[in-house]
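Biologist: I am new to reading protein models, and I would like to learn how to do it step by step. Could we start with a single residue and then work outwards?

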Amino acid sequence: MSISKNRLKKIEEFENKIGYSFNDKELIDVAFTHSSYTNEARGESKSNERLEFLGDSILDMIVSEILFKHYNNKPEGWLTKTRSRLVCTSSFAKACEKFDMSSYLNFGKGEKEHGGHLKKHVKADTFEAVCAAIYLDSSYEKLFDILVKNYKEEALVIINDDSIFNDYKTKLQEYHNAKDKKILKYELVKEEGPEHAKTFTMAVKLGNRILATGVGKNKKQAEQDAAKAAYNKIKK
């Protein structure tokens, strides 16, 4: 399959972003080919679906290995929960966004018109396909190094987020169930920032009384932050 000069130029642009040059340009070209494009081309090109399948498995293995080796004092339950936060559509979509991978995708006309490049699952699938392409073009070790180099900080933020292990909303509600049988409410106080980087402030209330407020990148995070603040006040 021949690749046009313009396409090769785009591939080179992407290679410069991630710090890796493909030996087999066709691999990354396929990784950037959505099934809608293949369907409209009537089988004249391959889609990235098979690469997505492989990438998902490889990423699961790499994340498992990193957690196992670097957190040797953590129990199996912690490892499993943390891996599920790293190996998921949301995390992979953000990984895709870091290098604007979906902008390199070949889409069919219909999918492109409906904003296919903005869909979270498309972004996640693209990231998986690109990782599989790197693995096939080089090695497991090379992909491992590229991921650590480019995504270490983002991964650490997720790993160190203890909200998945400390559900303060549940703890706070259980405390009040035992004390006064009242149901807590969470209300939005304010919403700030641009569409792609909003910050939410939520208040946890007992009746009309505000117990605490919290801030987060989404409402759920802000609710947990508010519940944590209220719970910590109780335990002082």
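Modeller: Happily! This is a predicted model, so let us treat it as such throughout. A good starting point is Thr-126, which is buried because its relative accessible area is 1%, and buried means under 20%.

Biologist: Where is Thr-126 found, and which residues does Thr-126 touch?

Modeller: Thr-126 sits in helix 8. Leaving aside residues up to four places away in sequence, Thr-126 touches Phe-32, Cys-96, Met-101 and Leu-105.

Biologist: That helps. Is Asp-125, the residue written just before, buried, partly exposed or exposed?

Modeller: Values from 20% to 50% fall in the middle class, partly exposed. Asp-125 belongs there, because its relative accessible area is 24%. Asp-125 also lies in helix 8.

Biologist: Now a question about records. Which residues does UniProt list under "active site"?

Modeller: A record can tell you where to look, and the model then shows how the listed residues are arranged. The unreviewed UniProt entry gives Asp-56 and Glu-128 for "active site". They are spread over 73 residues of sequence, yet they cluster in space, with a largest C-alpha distance of 5.6 Å.

Biologist: Which helices hold these two residues?

Modeller: Asp-56 is part of helix 4, which covers residues 49-70. Glu-128 is part of helix 8, which covers residues 120-137.

Biologist: Are Asp-56 and Glu-128 buried or partly exposed?

Modeller: Take them one by one. Asp-56 has a relative accessible area of 33%, so Asp-56 is partly exposed. Glu-128 counts as buried because its relative accessibility is 9%.

Biologist: And which residues surround them in terms of contacts?

Modeller: For contacts, we again skip residues up to four places away in sequence. Asp-56 touches Val-87, Phe-92 and Glu-128. Glu-128 touches Leu-51, Glu-52, Gly-55, Asp-56, Leu-59 and Phe-92. So you can see Phe-92 among the contacts of Asp-56 and of Glu-128, following the contact cut-off of 4.5 Å.

Biologist: Which residues carry the "binding site" feature?

Modeller: The unreviewed UniProt entry places "binding site" at Glu-52, Asp-125 and Glu-128. These residues are spread over 77 residues of sequence but cluster in space, the largest C-alpha distance being 5.6 Å.

Biologist: What about backbone angles? What is notable about Asp-100?

Modeller: Here you look at the phi angle together with the residue type. Asp-100 has a positive phi of about 50 degrees although it is not a glycine. Asp-100 is in the loop between helix 6 (89-98) and helix 7 (109-113). With a relative accessible area of 38%, Asp-100 is partly exposed.

Biologist: Could you show me an exposed residue too?

Modeller: Try Phe-68, which lies in helix 4. Phe-68 counts as exposed because its relative accessibility is 59%, and exposed means over 50%. The C-alpha atoms of Phe-68 and Leu-79 are 7.4 Å apart, while the two residues are eleven positions apart along the chain.

Biologist: Let us zoom out. How many helices and strands does the protein chain have?

Modeller: The count is eleven helices and three strands. In sequence order, the pattern is α-α-α-α-α-α-α-α-α-α-β-β-β-α. The protein chain is more spread out than a compact globule, because its radius of gyration is 22 Å, well over the 18 Å that the globule rule gives for 236 residues. Along the principal axes, the C-alpha trace spans about 70 × 45 × 25 Å.

Biologist: What share of the residues is buried, and what share of contacts joins residues 24 or more positions apart?

Modeller: Of the 236 residues, 42% count as buried. Among contacts with a separation of 6 or more, 55% are between residues 24 or more positions apart.

Biologist: Last of all, what can I say about the surface and the charges?

Modeller: The protein chain exposes about 14100 Å², and carbon and sulfur atoms supply 50% of that area. As for charges, there are 41 positive and 36 negative side chains, and the centres of the two sets lie 8 Å apart.

Methods: Residues numbered from 1 in each chain as written. Predicted model: local features only at pLDDT ≥ 70, side-chain atom pairs only at ≥ 80, totals over all residues. Heavy atoms only, no water. Helix = DSSP H or I, 4+ residues; strand = E, 2+ residues; numbered from the N terminus. Rg over C-alpha atoms; globule rule 2.2 N^0.38 Å. Buried < 20%, exposed > 50% of the residue type's maximum accessible area, 1.4 Å probe, protein only. Areas by Shrake-Rupley, 256 points an atom, 1.4 Å probe, with all protein chains shown as cover. Lys, Arg positive; Asp, Glu negative; His and termini not counted. Charge placed at Lys NZ, Arg CZ, Asp CG, Glu CD. UniProt positions renumbered as here; feature names shortened; annotations may be inferred.
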